[in-house]
Amino acid sequence: MSKELKKKDFHYNLPEELIAQTPLEKRSNSKLMVLNREKESIHHNYFYNILDYLNKGDCLVINNTKVIPGRLYGEKTTGAKIEILLLKEIDKYTWECLAKPAKRLKLGTEIAFSKDLKGKIVKDFDQGIKHIKFQYEGSFHNIIDIIGEMPLPPYIKEKLEEKNRYQTVYAKKTGSAAAPTAGLHFTDELLEKIIAKG
């Protein structure tokens with residue numbers, strides 16, 4: 001009889017001191033864990049040696065979405081502090097967002113994010129998901145580039161000094177709510193070598 005998997009079955013202890021808090025100066029100097037399925041072995045290498053595991057004719061699929069600085073901090077008219085994460089653009093003025101504390105954000109709640117950006121809750125869903133209609137003049141993306149923060153995972157406590165360090169070197173199409181983190185270790189030089197190998 002097979003056991004039904006639960007989310008807790010995937011929990012494991014990862015000591016905080018083993019979680020990198022800042023990016024390496026050179027992206028490709030990150031560690032690379034290599035699993036050999038035939039030998040059922042694992043060994044450790046460096047990402048800049050990934051070329052050793054790719055062969056001519058292999059297909060490498062990359063996600064070229066660009067992360068937006070979509071973590072925004074605002075304030076209700078009562079003075080209560082609000083944090084949202086932009087998830088998906090619904091139309092020019094409305095975004096699907098993850099909000100906290102979600103219970104305090106009822107339909108019609110107004111939030112001021114800056115003097116140039118205000119928002120209003122227009123739809124309320126489960127698990128903290130809200131639709132927020134924004135009021136602004138000019139370019140929405142220019143405004144969030146100034147006031148927004150990159151949506152780092154909750155286990156990263158250090159503030160990110162350079163926003164481009166949370167982008168892949170091949171990021172082009174704006175709109176991702178989180179970085180495709182496996183791609184953060186590629187450099188232009190490494191990609192050129194991979195292409196040259198075929």
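**Exercises on a predicted model**

Phenylalanine 186 has a relative accessible area of 6% and is buried. The exercises below concern a predicted model.

**Exercise 1.** Determine how the rings of phenylalanine 47 and phenylalanine 186 are arranged, and where the two residues lie in the chain.

*Solution.* The search of the whole structure yields eight aromatic pairs. For phenylalanine 47 and phenylalanine 186, the ring centres are 4.9 Å apart and the planes stand at 90 degrees; the angle is over 60 degrees, so the pair is edge-to-face. Next, locate the residues: phenylalanine 47 belongs to the loop between strand 2 (41–46) and strand 3 (65–67), while phenylalanine 186 belongs to the loop between strand 10 (173–176) and helix 2 (188–197). The pair thus links distant parts of the chain, 139 residues apart.

**Exercise 2.** Decide whether phenylalanine 47 is buried or exposed.

*Solution.* The relative accessibility of phenylalanine 47 is 5%. Buried means under 20%, so phenylalanine 47 counts as buried.

**Exercise 3.** Describe the barrel, the pairing of strand 4 with strand 7, and the placement of helix 1.

*Solution.* Six strands form a closed barrel in the order 4-5-6-9-8-7, with antiparallel pairing. From one strand to the next, the twist averages 45 degrees. Strand 4 (residues 71–76) pairs with strand 7 (residues 110–114) in the antiparallel sense over two bridges. Glutamate 75 stands opposite alanine 112 in strand 7. Finally, helix 1 (residues 140–147) lies across strands 4, 5, 6, 7, 8 and 9, and runs at about 105 degrees to strand 8.

**Exercise 4.** Which residues form one aromatic cluster?

*Solution.* The cluster consists of Tyr93, Trp95, Phe113, Phe134, Tyr136 and Phe140.

Methods:
Residues numbered from 1 in each chain as written. Predicted model: local features only at pLDDT ≥ 70, side-chain atom pairs only at ≥ 80, totals over all residues. Heavy atoms only, no water. Pairing = 2+ DSSP bridges. Helix = DSSP H or I, 4+ residues; strand = E, 2+ residues; numbered from the N terminus. Axes fitted to C-alpha atoms, helices over the stretch in contact; angles between N-to-C directions. Contact = heavy atoms within 4.5 Å. Phe/Tyr/Trp six-rings, centres within 6.5 Å; stacked < 30°, edge-to-face > 60°. Buried < 20%, exposed > 50% of the residue type's maximum accessible area, 1.4 Å probe, protein only.
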